[in-house]
Structures are given as C-alpha cells and as structure tokens.
Number of protein chains: 2
Amino acid sequence: MITIKDIAKLAGVSPSTVSRVISNHPRISTKTSLKVKQIMKELNYHPNIIAKSLVSRTTHTLGIMLPRPAEELFQNYFFGELLRGIITHATRMNYELLLTTETSSDNELHAISRLVHGRRVDGILLLGSKRDDPIISFLEAEKFPFVLIGRSEAHPNAPMVDNDNVQTAYDATHHLIAQGHTRIGFVSGPPDITLSHDRMLGYQKALAQAGLDADSDWIVEGEFLQESGFRAMSLFMSLPDRPTAIVVIDDNVAFGVLRALAELHYLVPEDISVVSFNNIALSELASPPLSSIDIGTYQLGYTAVQVLLKILSGEPQLHNPVIIPHRLIVRESSLFSKPKPPSD
Amino acid sequence: MITIKDIAKLAGVSPSTVSRVISNHPRISTKTSLKVKQIMKELNYHPNIIAKSLVSRTTHTLGIMLPRPAEELFQNYFFGELLRGIITHATRMNYELLLTTETSSDNELHAISRLVHGRRVDGILLLGSKRDDPIISFLEAEKFPFVLIGRSEAHPNAPMVDNDNVQTAYDATHHLIAQGHTRIGFVSGPPDITLSHDRMLGYQKALAQAGLDADSDWIVEGEFLQESGFRAMSLFMSLPDRPTAIVVIDDNVAFGVLRALAELHYLVPEDISVVSFNNIALSELASPPLSSIDIGTYQLGYTAVQVLLKILSGEPQLHNPVIIPHRLIVRESSLFSKPKPPSD
DNA sequence: CTGAAAGCGCTTACAG
DNA sequence: CTGAAAGCGCTTACAG
C-alpha cells in the first residue's frame, strides 16, 4: 500500500507537505503542489480514509438507521424512494452512507451505540420513529448529530423532516366528505408509530369538523402490509352499517384492500371509495387507479440529508421541523359522488 | 471520549492488557479480564472502531455498489428485496454495510477506487453488472475481494451468485409454448446488461427447440421501467401479425404492459398471455395476477453475503457461480390455452 | 512556504 | 499472564 511517506520521499518533501497538498492548504507553493500531485497520480495514490478519520475525528459518513422490522420495510416502495433521495444528495455531497438496522430487541440501543461510540459516522438519519423512541433519547443525551425523518412527540426539539401528517389525513378524509360520504373508515398502521397517530388525528379532525361520527368499528389498526388491508376489509364489509369510503394509511396496505374487495365482489369506488398515502409509482396502475396523498418521499430523504449536513457544518437550524409539502392525487378509486339519501 | 488508556488506568493494568481483554485473548487471567470488563461497563466504554481498523487493516464493513442509474433501482421492489437479504445476513454476522453508487460517468472507477484504496471496506458486493464491466476488471486487478450478484461473461472466474437466467427465460417461454402459443414476443431490458442477454438466449432456445420463429418484430429492448412495458405494447399490438403471448424481463415492466393492454382494451390472458420475472409481492395483486418466475431474490442477497464472508475468511470457494434456484409461479395472466388453429 | 515531532486510539510482536 | 515499545497512515500546532 502506498502511503504519504512514499509520495514524500519521491517528491523530495516531508510527509507534512504532502498532507497539506492533499488538503489544499493555502500556504503551499504551486510548484511543490504540482510536483506532489503528479507523483500521487503516477503512483495512483489514494489517501487512507481510515487513518484520516482517526486524527480528524470525522468520517464523512452518514449512518442510516432502519427501524426494527426491516423485513417489512422493503416490501414497501416508500423506503426505496426515501433511500433514493438520501443516496442522491449524500453522494452529491461526497458523503458515504452506512446502513444499519436495530438488531436484538433485548438491547435496542446496541446498534446505535456501536455506531456512535465507535465513531463510525458523523451523523445519523433516523427513518421513522416510535412514539417514545429510546434511540432519540440516547442520541440527545450523547449530543450526537441526527435528523429524524418523521416526528417525535416526546422530543419536540429533535431535528425533524416530516410531512404535516395531521393535515395529510385531514385532506384525504375531507376529500371523501366532499364526495358526499358520511360513513368513512380508517385503516391505520401500528398504533405506536407517530405517523399512525398523527393521521388518526387528522382523520378525526376532518370528521368532527363535518359533524360526522367516527364509529370505532370503522377504525382498524394493522401493519404496513398488504395483509393488513386485506384483513381490514373482511372486517369492515361484514358490518351491518359499513363505511362507504375509507382512508388507508399506505398504498401498499391499500393494495391489500383492493384485492380483498375484488375477491368479495365489491366495486371500487361505487361500493366503497378508497384514498391512501404515499402515491408510489404503482398507485396509478392499481385497478382502479388509487387516489393517494403524494408526500414527496424523495424530497423527504433528500432534505433530511441537507438538514443533517447543515447541522454538521454548525449552521444554525432556522426551521424545525422542516415540513415537506404534500398533495392529494385524485384518481378513480375515490371518484364517486355519494348520492344524497332520499329525504323523506 | 473514553479510551483504552482510561480503562487501563482505572483497572491498574496496561493498555495492552485491556486490548487483549477486548479481543478475548486466551492468555489473560479470568480475574483481570473480569475486572477490566466491569470497568468498561461502568464507564460505558466502546472501542474506537476507526483506530482498530487502522491497525488491523480490516473494517468489518462490506461495500454495496449500486449500479449507475440508482434512480431506476428503487422503483423496483427487486432491489429492496435484495437489500433485505443482504442486510439480514450482514447484520447477523456483525458486519456493517456501506452504500455507494457509481457517480460521474466520466470516471466510472472513481467511487470504487475510493472505496478500495481508502480501505473503507473489507469486500464489495456488486449488484448486477454490465456485459463488460470495468469495475470487475479493476477489482480483479487490485485483487480486492468481491462478489457479483449476477453474471459476468468477460470475467468467468469472478465470484458470482446468480440464477441460471438462460434457464429462467427458457422455462417462462416453454410454459407459453406448452399453452399452445406459437407467436411469442419478448420485452427485454437494456441490451448491455448480462441479465437481458442471458434471458434472450433462453427465450430463443425455447423457441428454437419448439421449432418456432422468433420474429425480430416481437422483440423489444428497454429499461426496467413501467414505461418500457407500456411502450412495447403500443408497438406490439399494432403489428399485423402480433404475438399472442409475451415474456417480460421484469414484473415492474410487466405492470406497464398490463396497463397499456388495459388502455388498448385487450384482455389478458385471452388476447395476449404474459409471463414475467422476479415474482415481487405485487405480482399476485396485479389484474390479472401475474405469472412470474420467482428467482429467490432475498436468497440471492443473503447468499452473496455468505459467499463474500467466506472469501474474506480465506475459505476456498467450492462452487462458482453459486446458482440460486428459481421456479415459475403460474397465475391468471398466462392461464389460457391457445385453441389449435382449424386444420384445413 | 516547509519540516520535525507529537499524537489520534488502538494492536501486537517481543521480552520477561 | 502482563507490560513497554513500536507502529498503523494520517494531521497539525509549533518553529523556522
């Protein structure tokens, strides 16, 4: 392996000088700089980043912390798209990305603490969080730089990049109300996830504002899996007074919903209208095409890296949380105006 | 930051001893070991992995090299599933994962050479490869450990984990032939990708064996995107003598195919039968449900990590390439027996 | 503008 | 079984 010393020897200068050339130190003569650079090129020299890290105490690496059941994650286009945003900006800024996942549940801090104490990364991106997440407490206690993609109730001052998820669900629900629906259900995600919680609030808020009831039978909590949507429908559709429209926490879950409805021979949107979240590429291809809230997934990832790098550079963070705008994409699955009941 | 020296001082031993305790050196007395370990716990000591890396010349990190247009990648469940397999086994074996992507096209070796020369990783996982991939040449020249998920013609001795992709396409095509189809098209991927090439061979082999023609009009090359499938159909369906069945390189592309056919008011499988590859979770939910070759994506990723770790440990590699088994999952999209033409 | 020296936090022959 | 010393490849005050 070629080191800085080899270059120094061949260039007839000291290792310190070579180091300075590499880091573009201002007070190096153009002449030596050129000479050293040429020799580095000739020998195909590449600095040992590990050695550099040790002394500079910086790694130019960002850690990506995947939430526990990474199993589920990748069944979801959402995380792919999020990663895409993260990779794009990190690569652009010459940062490396270290992928970690929570391991054993007996010690949820194991992975993160290895990362932080082992000085493997300069900062951490948290993809989603539980409602009371020990990882955030840990990171705050360690004063280790991080950004949460999502929202934390317990840690309102944590740097966050998120949608306004009360509003996203409000918009989805309101859209259904505007179509004339009065019995609107909600297929939610795991209740300990802040996202589920926020969207539940938005759903309830929209109903309350319209003077509608949120029948507890019309609310089901599940996972971010197709099966959850499937199961929710077996439940809903057997109710004597079933909803005529539903809000679904995630497109993937909505696919399960559509499948169940097809099997049960219900028509969407005629028998039941559906709106979901994320607007993944496939929503458009579902049958019928799925109305979905576009949450700007790519931008969420991209922006999170921006915010984290800003924190690392010591710049003051002006806004927190950073809110990524969303918008409802209306497609066939919710395009059915509920006829007014005969007023007799 | 707490270092080995702090521990040594408090335990009344030398730093060397602490280091030996950490690495479970055999010739350390249980007594000192216990004492040192307790102090490490009390101070919540975690070894600096960077420093350890510098001297041990090993990082316990695997690099994941994403192919160039990472943009496309994550629009595809396939890569998510592959990553899932990789993460699972790497985490289980206590390896970290560094995510890199090829950057500027002006120097395709830039990213990989940083990784290799910077000693950031112990080995590299290559996700897919071009037919003549300079990255593989580079890695071989540097004698740097790597595993290719996929196949390289130009480098037959490179460690590879792959499906038998000639056979996968043969099976898909043969299935359509068995259904009575004689005019079978192929919607392929980018021609410079080995995968596309192999599947083309399998497709042609199956046709040849059945004495069928592969009309060049029935073959379209594109990207791994839905748009490609969509466009292919506008082409195919306007042909005077159009195929009655098609093999599609990837489920994602097949979704585009299905969408185009729906818009053009063709029925699947009655007007045209479809078989594709990867068997992602959504294939089952397509309308109609998509026949697809399950290539064991998760296992592909999982196994690649196993093989790479085996190489790193110096174990001899007995089989190369490692072939992951595949199987055809028949669903509605290809369940239509072509009636025999009237024999007059 | 450049060099000698100390040091980042660890490991590992060597010696005892 | 344990310690002192040298060293991994780099950076950076300090001095000139």
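Let's start inside chain B: B:T100 is found in strand β2 (residues 96-101) of that chain. Helices (H or I, at least four residues) and strands (E, at least two) are DSSP runs, numbered from the N terminus. With a relative accessibility of 9%, B:T100 counts as buried. Here buried means under 20% relative accessible area, exposed means over 50%, and partly exposed is in between (1.4 Å probe, protein chains only). Now look along the chain from B:T100 to B:Q179, which is 79 residues away: their C-alpha atoms are separated by 44 Å.

Before going on, keep in mind that this is a predicted model, where local features need pLDDT of at least 70, side-chain atom pairs count only at pLDDT 80 or more, and totals for chains, interfaces and linings use all residues. Residues are numbered from 1 along each chain as its sequence is written, chains are lettered from A and ligands numbered from 1 in the order in which they are written, and side-chain values use heavy atoms, with hydrogens and water left out.

**Around DNA strand D**

How many residues surround DNA strand D? There are 24, and the closest are A:I4, A:S19, A:R20, A:Y45 and B:T17. A residue counts as near a molecule or strand if one of its heavy atoms lies within 4 Å of it. On the DNA side, sugar and phosphate make up 62% of the strand D atoms that come within 4 Å of the protein.

Some of the polar contacts (pairs of N or O atoms within 3.5 Å; within protein, one must be able to donate a hydrogen and the other to accept it, and residues adjacent in sequence count only if both atoms are side-chain atoms) are listed further down. The elements that give two or more residues to the surface near DNA strand D are α2 (15-22) and α4 (49-56) of chain A, together with α2 (15-22) and α4 (49-56) of chain B. The largest share, four residues, comes from α4(A).

What kinds of residues are these? By class, the surface near DNA strand D has ten nonpolar, nine polar and five charged residues. For this sorting, Ala, Val, Leu, Ile, Met, Phe, Trp, Tyr, Cys and Pro count as nonpolar, Asp, Glu, Lys and Arg as charged, and the others, Gly among them, as polar.

**Around DNA strand C**

Which residues come nearest to DNA strand C? Of the 24 around this strand, they are A:T17, A:R20, B:I4, B:S19 and B:R20. Sugar and phosphate account for 62% of the strand C atoms within 4 Å of the protein.

Here are contacts to phosphate oxygens of both strands:

| Residue | Atom on the protein side | DNA strand | Distance |
|---|---|---|---|
| A:N48 | polar backbone atom | D | 2.9 Å |
| B:T17 | polar side-chain atom | D | 2.4 Å |
| B:R57 | side-chain N or O atom | D | 2.6 Å |
| A:R57 | side-chain N or O atom | C | 2.6 Å |
| B:I4 | backbone N or O atom | C | 2.5 Å |
| B:Y45 | side-chain N or O atom | C | 2.5 Å |

For strand C, the elements giving two or more residues to the nearby surface are α2 and α4 of chain A together with α2 and α4 of chain B. It's α4(B) that gives the most, with four residues. The class count for the surface near DNA strand C is ten nonpolar, nine polar and five charged residues.

**A nonpolar patch**

Helix α4 turns up again on the surface. A:L54, A:V55, B:L54 and B:V55 make a nonpolar surface patch of about 350 Å². α4 of chain A and α4 of chain B each supply at least two residues of this patch. One of its members, B:L54, lies in helix α4 of chain B and is partly exposed, with a relative accessible area of 32%. Patches are made of residues with over 30% relative accessible area and no salt bridge; like charges are joined within 9 Å, and nonpolar side chains (Val, Leu, Ile, Met, Phe, Trp, Tyr) within 5 Å. A salt bridge is a side-chain nitrogen of Lys or Arg within 4 Å of a carboxyl oxygen of Asp or Glu. The areas come from the Shrake-Rupley method with a 1.4 Å probe, and for residues only the protein chains shown count as cover.

**Backbone oddities**

A cis peptide bond joins A:S287 and A:P288, with omega about -5 degrees. A:P288 sits in the loop between β9 (273-277) and β10 (291-294) of chain A. In chain B, the peptide bond from B:S287 to B:P288 is cis, with omega near -5 degrees, and B:P288 lies in the loop between β9 (273-277) and β10 (291-294) of that chain.

A:N24 isn't a glycine, yet its phi is positive, at about 55 degrees. You'll find A:N24 in the loop between α2 and α3 (30-42) of chain A, where it counts as exposed at 56% relative accessibility. B:N44 is not a glycine either, and has a positive phi of about 55 degrees. B:N44 is in the loop between α3 (30-42) and α4 of chain B, and at 39% relative accessibility it counts as partly exposed.
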